[in-house]
Amino acid sequence: MPVRTCIGCKKRYGVGNLDRISFAEPDVLTVGGAKGTGKGAWVCAGNEACLEKALRSEILSKRFGKKISFSVVRHMRENC
Ligand SMILES: [Zn+2]
(Lines give C-alpha, C1' and ligand atoms only; values in the text may rest on other atoms or scores of the structure.)
Protein backbone atom coordinates (compact mmCIF):
# COMPACT_ATOMS: atom_id res chain seq x y z
CA MET A 1 0.00 0.00 0.00
CA PRO A 2 1.43 3.41 -0.91
CA VAL A 3 2.40 5.66 1.95
CA ARG A 4 1.57 9.35 1.96
CA THR A 5 2.06 12.20 4.40
CA CYS A 6 -0.90 13.80 6.12
CA ILE A 7 -0.62 17.54 5.48
CA GLY A 8 -2.29 18.21 8.82
CA CYS A 9 -0.09 16.30 11.28
CA LYS A 10 2.77 15.46 8.88
CA LYS A 11 2.74 11.82 9.85
CA ARG A 12 3.03 9.11 7.24
CA TYR A 13 0.34 6.50 6.75
CA GLY A 14 -0.83 4.06 4.13
CA VAL A 15 -3.35 5.61 1.80
CA GLY A 16 -6.05 3.36 3.23
CA ASN A 17 -5.88 5.40 6.41
CA LEU A 18 -5.95 8.73 4.64
CA ASP A 19 -8.51 10.82 2.80
CA ARG A 20 -7.50 12.41 -0.47
CA ILE A 21 -8.06 16.11 -0.99
CA SER A 22 -8.53 17.27 -4.55
CA PHE A 23 -10.47 19.72 -6.62
CA ALA A 24 -13.23 18.16 -8.67
CA GLU A 25 -14.23 21.66 -9.67
CA PRO A 26 -12.24 24.86 -9.21
CA ASP A 27 -14.41 26.03 -6.36
CA VAL A 28 -15.11 22.70 -4.71
CA LEU A 29 -12.63 21.02 -2.41
CA THR A 30 -13.31 17.30 -2.32
CA VAL A 31 -12.28 15.24 0.68
CA GLY A 32 -12.09 11.48 0.38
CA GLY A 33 -13.00 9.32 -2.57
CA ALA A 34 -10.24 7.55 -4.44
CA LYS A 35 -11.18 8.90 -7.84
CA GLY A 36 -10.07 12.47 -7.47
CA THR A 37 -8.33 13.78 -10.53
CA GLY A 38 -5.29 15.97 -10.85
CA LYS A 39 -3.06 16.96 -8.01
CA GLY A 40 -4.01 15.78 -4.58
CA ALA A 41 -3.07 16.05 -0.96
CA TRP A 42 -3.78 13.71 1.93
CA VAL A 43 -5.14 13.99 5.45
CA CYS A 44 -5.85 11.39 8.13
CA ALA A 45 -9.22 9.79 7.41
CA GLY A 46 -11.97 11.00 9.68
CA ASN A 47 -9.64 13.25 11.65
CA GLU A 48 -11.29 16.64 11.82
CA ALA A 49 -8.29 18.22 13.52
CA CYS A 50 -5.98 17.27 10.67
CA LEU A 51 -8.51 18.38 8.09
CA GLU A 52 -9.13 21.72 9.78
CA LYS A 53 -5.43 22.35 10.11
CA ALA A 54 -4.91 21.50 6.46
CA LEU A 55 -7.70 23.78 5.33
CA ARG A 56 -6.63 26.69 7.52
CA SER A 57 -3.01 26.73 6.62
CA GLU A 58 -1.16 27.71 3.49
CA ILE A 59 -0.15 24.10 3.04
CA LEU A 60 -2.79 23.47 0.42
CA SER A 61 -1.68 26.42 -1.65
CA LYS A 62 1.88 25.20 -1.52
CA ARG A 63 0.87 21.66 -2.26
CA PHE A 64 -1.15 22.61 -5.30
CA GLY A 65 1.33 25.20 -6.45
CA LYS A 66 -1.15 28.05 -6.66
CA LYS A 67 -3.32 30.21 -4.51
CA ILE A 68 -6.17 28.09 -3.27
CA SER A 69 -9.61 29.37 -2.57
CA PHE A 70 -12.82 27.44 -2.36
CA SER A 71 -16.33 27.95 -1.11
CA VAL A 72 -17.47 24.36 -0.75
CA VAL A 73 -15.96 21.36 1.02
CA ARG A 74 -17.53 18.15 -0.17
CA HIS A 75 -17.00 14.95 1.77
CA MET A 76 -16.92 11.93 -0.48
CA ARG A 77 -16.03 9.21 1.95
CA GLU A 78 -18.03 6.15 1.07
CA ASN A 79 -16.96 3.43 3.43
CA CYS A 80 -17.96 4.73 6.79
ZN1 LIG B 1 -3.04 13.70 10.25
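Which residue is the bridge partner of Ser-22 in β4? It's Thr-30, and the views below work outward from that part of the fold. What you're looking at is a predicted model, where local features need pLDDT of at least 70, side-chain atom pairs count only at pLDDT 80 or more, and totals for chains, interfaces and linings use all residues. Residue numbers start from 1 along each chain as its sequence is written.

**View 1. The whole protein, with 2 helices and 6 strands.** Helices (H or I, at least four residues) and strands (E, at least two) are DSSP runs, numbered from the N terminus. Reading from that end, the elements go β-β-β-β-β-α-α-β. The radius of gyration is 11 Å, close to the 12 Å that the globule rule gives for 80 residues, so the protein is as compact as a globular protein of that length. For the record, that radius is taken over C-alpha atoms, and the globule rule is 2.2 Å times the number of residues to the power 0.38. Along the principal axes, the C-alpha atoms fill a box of roughly 30 × 25 × 20 Å.

**View 2. Confidence along the chain, given as pLDDT (the predictor's confidence in each residue, from 0 to 100).** The average for the protein is 86, and 90% of the residues score at least 70. Among the elements, strand β2 (residues 12-14) has the highest mean, 97, while helix α2 (residues 59-64) has the lowest, 86.

**View 3. An open sheet of 4 strands, in the order β5-β3-β4-β6.** The pairing is mixed, and two strands count as paired if DSSP finds at least two bridges between them. β5 and β6 stand at the edges with a single partner strand each, so one side of each is left without a neighbour in the sheet. From one strand to the next, the twist averages 30°. Helix α1 packs on this sheet, touching β3, β4 and β5, and its direction makes about 145° with that of β5. Those angles run from 0 to 180 degrees between N-to-C directions, with axes being lines fitted to C-alpha atoms, for helices over the stretch in contact.

**View 4. The β3-β4 hairpin, with 2 residues between the strands.** Here the two strands are antiparallel and share 4 bridges. Glu-25 has Val-28 of β4 as its bridge partner, and Ser-22 has Thr-30.

**View 5. On either side of the hairpin: β5 and β6.** β3 also pairs with β5, in the antiparallel sense and over 4 bridges. Leu-18 is bridged to Cys-44 of β5, and Arg-20 stands opposite Trp-42 in that strand. β4, meanwhile, runs parallel to strand β6 (residues 72-75), again with 4 bridges. Thr-30 turns up here too, with Arg-74 of β6 as its bridge partner.

**View 6. The largest nonpolar core, 14 residues in all.** A nonpolar core is a set of buried Ala, Val, Leu, Ile, Met, Phe, Trp, Tyr and Cys residues joined through C-beta atoms within 7 Å. Cys-6, Ile-7, Ile-21, Ala-41, Trp-42, Val-43 and Ala-54 touch the most other members. β3 (18-25), β4 (28-31), β5 (41-44) and α1 (48-56) each supply at least two residues. Zoom in on Ala-41 and, leaving aside its neighbours within four places in sequence, you'll find Ile-7, Ile-21, Ala-54, Leu-60 and Arg-63 in contact with it. Contact means C-beta atoms, placed from the backbone, within 7 Å. Of the contacts between residues at least 6 apart in sequence, 52% join residues at least 24 apart.

**View 7. Two exposed residues, Arg-56 and Lys-10.** A residue is buried if 20 or more other C-beta atoms (placed from the backbone) lie within 10 Å of its own, exposed if 12 or fewer, and partly exposed in between. Buried residues make up 25% of the 80 residues. Arg-56, in helix α1, counts as exposed because it has 10 C-beta neighbours inside 10 Å. Its C-alpha lies 18 Å from that of Pro-26, and the two residues are 30 apart in sequence. Lys-10 sits in the loop between β1 (3-5) and β2, and it counts as exposed because it has 10 C-beta neighbours inside 10 Å. Most residues other than glycine have a negative phi. Lys-10 is not a glycine, yet its phi is positive, about 70°.

Conventions
Two residues are in contact if their C-beta atoms, placed from the backbone, lie within 7 Å.
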